Amino acid sequence: MKIIVFGAGRIGSTLAFCFSRAGHEVSVTARGARLDTLIHDAAIVTLDGRRAPVTPLAALRPSEAYDLAIVTVPEHQVESIMADVSSSQAKTILFMFNTFQGTARYASAVGTERFAFGFPNMAATLVDQQLSFRVDGPGMLSTLSRADLVTLFQDAGLPSEYEDDMDAFLRSHVAFAVPLFLAGLLMWKRSYDLTWKEARQLSAALVEGFDLVKSLGHPLKPRNITWVARMPFWMRSFVLWAFSRSALVKAVGEFGPAETRYLIDEMVAIDPSRIQLLRELRP
């Protein structure tokens, strides 16, 4: 297949690497130092020296036809490329990022017949422009709104599952992820871990988010989020306190507060009365 990935950050680079190694023809859009590196290497290069050839682009070539376009930039940055995405000749356009506002606006922008949405569940980082990633760890399962894309991802070594209610999944995930993002931001560059008081606050913030999701008529998805929602308050606080000590959560601070602010603002826009604590904790 001919695939273009919008955004060559850690997630976009991982997808580009896996699809290229699976034999697909992959182009990636990037800018700045990342684009310079990709032009020099003509490949995604990993920390352990593996290479996957890609065609680096500063911008989409409007006349170029693709079988699949994947949009991996964070939602707070996606507006700047939506005109290019919408005007592309891609047969299928797959959006993959956190969102609470829902998928309808993206389906409308590109046309329902070529629209898809997914969420990438993987661990990845860029170190001096070289990629380090893992896609097959415990619980790492990307979620996709189309069964044919599940097959495509799995064939490229990307464990995946089909979800027929992406709005419920995405909103549940944001309600779960935002308190973890806040934990990472609280601990970024300070000398001590999350306190018990902070863990209790974030546990209450989780409940606020889950209640907002349910008020919109959604079930909580997937099952592990339902389990977290059903935990006694003290147990959920303890899980947050313990999990916040993992390298995964601590690394969140490196990406800054922009995405967390954006996601909280999306929740506020839907019903500000339900998430007063999240508004107070907004970084």
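Modeller: A salt bridge is a side-chain nitrogen of Lys or Arg within 4 Å of a carboxyl oxygen of Asp or Glu. The model in front of us is predicted, and this rule may be applied to its atoms.

Biologist: How many salt bridges does the rule give here?

Modeller: Side chains of opposite charge can pair when their charged atoms come close. In this structure the count comes to 13 salt bridges. One of them joins the side chains of R190 and E198, with 2.7 Å from N to O.

Biologist: Is E198 buried or exposed?

Modeller: The cut-off for buried is a relative accessible area under 20%. E198 has 14%, so this residue is buried. Its partner R190 has 22% and is therefore partly exposed.

Biologist: How close are the N and O atoms in the salt bridge between D136 and R134?

Modeller: The closest N and O atoms of D136 and R134 are 3.2 Å apart. D136 is exposed, because its relative accessible area is 53% and exposed means over 50%. R134, at 44%, is partly exposed. Another salt bridge links D271 with R274, again with 3.2 Å between the closest N and O atoms. R274 counts as partly exposed, at 40% relative accessibility. Salt bridges may also share partners, and in this way E163, D164 and K221 are joined into one network.

Biologist: Which residues have the most contacts inside the largest nonpolar core?

Modeller: A nonpolar core is read by following contacts between buried nonpolar side chains. The largest one here has 34 residues, and L15, F19, I70, L94 and L158 have the most contacts inside it. Several elements supply at least two residues each, including strand 1 (2-6), helix 2 (32-41), strand 7 (92-96) and helix 6 (147-155). Helix 1 gives the largest share of this core, 6 residues.

Biologist: Which residues make the nonpolar patch on the surface?

Modeller: The patch is made by W196, W234, M235, F238, V239, F243 and L248, and its area is about 690 Å². Helix 10 (residues 233-243) gives the most to the patch, with 5 residues. An α-helix has 3.6 residues a turn, so residues three or four places apart point the same way. F238 is found in helix 10, and its relative accessible area of 43% makes it partly exposed.

Biologist: Why does the length of helix 7 agree with what is expected?

Modeller: The reasoning uses a rise of 1.5 Å a residue: the 22 residues of helix 7 (residues 166-187) should span 32 Å, and the end C-alpha atoms are 31 Å apart, so the two values agree. One should nevertheless look along the helix for a bend. A kink of about 25° lies at A177, shortly before the proline P179. Helix 7 is mostly covered, with 19 of its 22 residues buried. After the helix comes K189, whose phi is positive, near 65°.

Biologist: Where is I81 found?

Modeller: I81 lies in the loop between helix 3 (75-78) and helix 4 (82-87). Because its relative accessibility is 18%, I81 counts as buried. One may also compare separation along the chain with separation in space. I81 and E208 are 127 residues apart along the chain, and their C-alpha atoms are separated by 32 Å.

Notes
Residues are numbered from 1 along each chain as its sequence is written. This is a predicted model: local features need pLDDT of at least 70, side-chain atom pairs count only at pLDDT 80 or more; totals for chains, interfaces and linings use all residues. Side-chain values use heavy atoms; hydrogens and water are left out. Patches are made of residues with over 30% relative accessible area and no salt bridge: like charges are joined within 9 Å, nonpolar side chains (Val, Leu, Ile, Met, Phe, Trp, Tyr) within 5 Å. Accessible areas come from the Shrake-Rupley method with a 1.4 Å probe; for residues, only the protein chains shown count as cover. Helices (H or I, at least four residues) and strands (E, at least two) are DSSP runs, numbered from the N terminus. Buried means under 20% relative accessible area, exposed over 50%, partly exposed in between (1.4 Å probe, protein chains only). The expected span of a helix is 1.5 Å times one less than its number of residues. The bend at a residue is the angle between axes fitted to the seven residues ending there and the seven starting there. A nonpolar core is a set of buried Ala, Val, Leu, Ile, Met, Phe, Trp, Tyr and Cys residues joined through side-chain atoms within 4.5 Å.
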